[in-house]
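Student: I would like a close look at one part of this model, taken slowly and with the pieces connected to each other. Could you walk me through the sheet and what surrounds it?

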Amino acid sequence: MRSSPPPIPRQRRRLFHPAAIVLLFLVLLATVGVGYHWWLAARIQHRLAAVRAAHEPVSLAELNAYYPTVPASSNAPTAYARAFAIVQESRSARFLQRLEQLPSGSGQLPAETQQSMQSACDQNAGAFEALEQAARLKLCRFPVDYRPGWNALLPHLRLLQQCAALELCRGVLAEQKGDLDSALECTSRILQLSAALNSEPDLISVLIQRRIEFAASELLRWLLNHRQLSDPQITELHEMFKGAERKNQVERALISDRCFVVATFDSSSGQILDTIDPGYSPRFGAILGLQVLRVSGRFKRDEMRYLEDVSECQKAILLSLPSALDRLEQISQTAKQEAVPKKFIITGMFLPPLVKGLRQNAVGAVRLSLLQTALALEQYRLAFGRLPNSLASLCPRFLSTVPTDPFGKKEILYRREPQGYVVYSVGPDRHDNGGIQQLPLEAKIDYQDRDIIFSVAR
């Protein structure tokens, strides 16, 4: 019997084609990625909504509106503009830009410096009337447009500094003629130049305010080293500098930086590269790297982290000194350490400079404390005919309390000299270097072996 042929095996039908599986996987991956991006975006928008609910700006347009408008008839920059035009055109503009610190001690002004000061005052005589008029106007809104973000133009900041230097020259020359009342008026106008920036919501304006205040403190130091002021004059100076002790300026600076950086996150990769490193090469590779961070969701995580860190900075500045500085330093160091491993590139790039600016502002605040302490020492000298052995002797008649040194975690330091005295802070390096070498105005925050000093050799 012939055997039947073996059955032909039936080919199994594939339930899923390999290409379909790959496509399904890609669709699933894309869905997860889109969902992840949506979740991160929702978290960011939730945090920004909370910021807006606190009546703080988020966008650059909102920041621009946050800087309050002022009626033209009562706006000080109208008068400042006339002074700026004169100073810009004068041959002394470069000298005024370089003039910051006066010679120390009670010696005479070098002849060359005195001649340069006199020339500056002569060349800019027409500016003084405009500055006096501006000082009488209490409202101020410079024509600043913050919508370009980091590219916003702020030319008035440099010109305000030059006008402060001009008033410093005028005050020193008035002292040399024995006209102390005019010298005090110059001090007041310098502080008015600083107050003109009170409403500007950006960190650089806060730091420029401190530089202008430094010009006022230099004029005061010159006066105390060369003249015995009367008690009414010292009391008047106390009140002048007390007005420079602003509490909310740093908070406004944090608000502006947040707007600038949020706008940076919303920019294209090319625009971001232009902001953080305009001359970077190879450009294509850097832009591709930023695009990878954007697609992977790292960019949104970076933005979320930046918003969280700014919020922590806002909490930190409400702490008492020096705890506020310690907390800010901790936030900055963490941002630096996590920038590369966690790809928080923008946070690591923009947050540490922000914290550095806040520390520089603290240096300016310390200078004001030293100055007020020096005025209290002068009042004590007038009352008792000698200097006290310790700052505690000033309280409570001349000072409510001895100011705390935010860098030293103790009270500011005081030393009597054979001729005069020194009050000082240990400065950003947090070491007591004896109050011998002055921390430069432009010093880096880790400058070693220097203290913040106010000395009177009389």
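Tutor: A good place to enter is Y414, whose bridge partner in β2 is V423. This is a predicted model, and the pairing described here is read from its coordinates. V423 also has a bridge partner in β3, namely F454, and beside that pair V422 stands opposite S455 of β3.

From these pairs one can step back to the strands that hold them. β1 and β2 run antiparallel and are joined by five bridges, and the connection between β1 and β2 is a hairpin through two residues. Strand β2, which covers residues 420-425, pairs with β3 in the antiparallel sense, again over five bridges. In general, the strands of a sheet pair through backbone hydrogen bonds, in either a parallel or an antiparallel way.

Taken together, the strands make an open sheet of three, in the order β1-β2-β3 and with antiparallel pairing. Because β1 (413-417) and β3 (452-456) stand at the edges with a single partner strand each, one side of each is left without a neighbour in the sheet. From one strand to the next, the twist averages 15°.

Helix α9, residues 203-226, packs on this sheet and touches β2 and β3, with a direction that makes about 30° with that of β3. An edge position within the sheet should not be read as exposure to solvent in the case of β3: four of its five residues are buried, so β3 is largely enclosed by the rest of the structure. Buried here means under 20% relative accessible area.

The loops that flank the strands deserve a word as well. In the loop between β2 and β3 lies R430, which has a positive phi of about 65° although R430 is not a glycine. With a relative accessibility of 32%, R430 counts as partly exposed. On the other side, in the loop between α16 (345-384) and β1, one finds P396, and the peptide bond from C395 to P396 is cis, with omega near 0°. Both features are worth noting against the usual background, since most residues other than glycine have a negative phi and most peptide bonds are trans.

To gather the picture, then: β2 carries V423, which is bridged to Y414 and to F454 in β3, while α9 packs on the sheet against β2 and β3.

Technical notes. Residues are numbered from 1 along each chain as its sequence is written. This is a predicted model: local features need pLDDT of at least 70, side-chain atom pairs count only at pLDDT 80 or more; totals for chains, interfaces and linings use all residues. Side-chain values use heavy atoms; hydrogens and water are left out. Two strands pair if DSSP finds at least two bridges between them. Axes are lines fitted to C-alpha atoms, for helices over the stretch in contact, and angles run from 0 to 180 degrees between N-to-C directions. Contact means heavy atoms within 4.5 Å. Buried means under 20% relative accessible area, exposed over 50%, partly exposed in between (1.4 Å probe, protein chains only).
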